[in-house]
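Work through the exercises below with the model in view. Try each task before reading its solution.

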Amino acid sequence: MRRAAPWAAIALAATVAAGCAGAPAERGDEQRSAAALYAEARESLRNGAYSTAIEDFEDLVARYPFGEHALQSQLMIVYAHYRAGQHASAVAAADRFIRMHPRNEHVAYALYMRGVARQAMGPGGLASLVGADPTLRDPEPKRRAFANYRRLVAEHPDSEYVADARRRMEAIRTELAAYELHVA
């Protein structure tokens, strides 16, 4: 028993020393300011590194949830997911923003982006390359996008996104009519 005690102490000391060796680099990472994280995320977004931008914005929101950049970062997460072609994730991020900030002035943007992401769902990839008829596809994402735009127009009539939402509603109405004709 007595021989094991010195080895246990040595093992404990080695573990503590190894743990401390990595602390300065981590500590420097932890001390990055919200502004620095935000600038880094914006630069990633500007360079088309959408996954990196999403991670950086999410990291900023997790570290500084009540900071001045947290709200804008949540909106940028929606946009970055959309630009990355991750439409379901963009919708989920917009839903989260709307649920967390129902009275915020930027809810209009979240509604708009949720509609844009839903409108972008549907045929893509190989189907669009071979000229597949979009009227054969499930119209539900388009209907939901239309509902998002309608809510935007009704709840935020003075928003800068209303004019484009109205144009998109007309396009969706035409697509849904074509779908109904195809079904008939």
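Two exercises follow, one on a helix pair and one on salt bridges.

This is a predicted model, in which local features need pLDDT of at least 70, side-chain atom pairs count only at pLDDT 80 or more, and totals for chains, interfaces and linings use all residues. Residues are numbered from 1 along each chain as its sequence is written, and side-chain values use heavy atoms, with hydrogens and water left out.

**Exercise 1.** Find how the axes of helix 5 (residues 70-83) and helix 6 (residues 87-100) cross.

*Solution.* Start with the axes, which are lines fitted to C-alpha atoms over the stretch in contact, with angles from 0 to 180 degrees between N-to-C directions. The two axes come within 7 Å and cross at roughly 160°. Helix 5 is therefore roughly antiparallel to helix 6 (angles over 145 degrees count as such). Next, list the contact (heavy atoms within 4.5 Å). Helix 5 brings residues including Leu71, Ile77 and Tyr82, and helix 6 brings residues including Ala90, Phe97 and Met100.

**Exercise 2.** Which salt-bridge network includes Glu140?

*Solution.* Take a salt bridge as a side-chain nitrogen of Lys or Arg within 4 Å of a carboxyl oxygen of Asp or Glu. Glu140 meets Arg143 at 3.8 Å, N to O. Arg144 also bridges to Glu140, at 3.5 Å. Now check spacing: Arg144 and Glu140 lie 4 residues apart in helix 9, so about one helical turn separates them. Glu140 is partly exposed at 32% relative accessibility (buried is under 20%, exposed over 50%, partly exposed in between, with a 1.4 Å probe and protein chains only). Finally, assemble the network: Glu140, Arg143, Arg144 and Glu180.

Notes: Helices (H or I, at least four residues) and strands (E, at least two) are DSSP runs, numbered from the N terminus. Angles under 35 degrees count as roughly parallel, over 145 as roughly antiparallel, 65 to 115 as roughly perpendicular and the rest as oblique.
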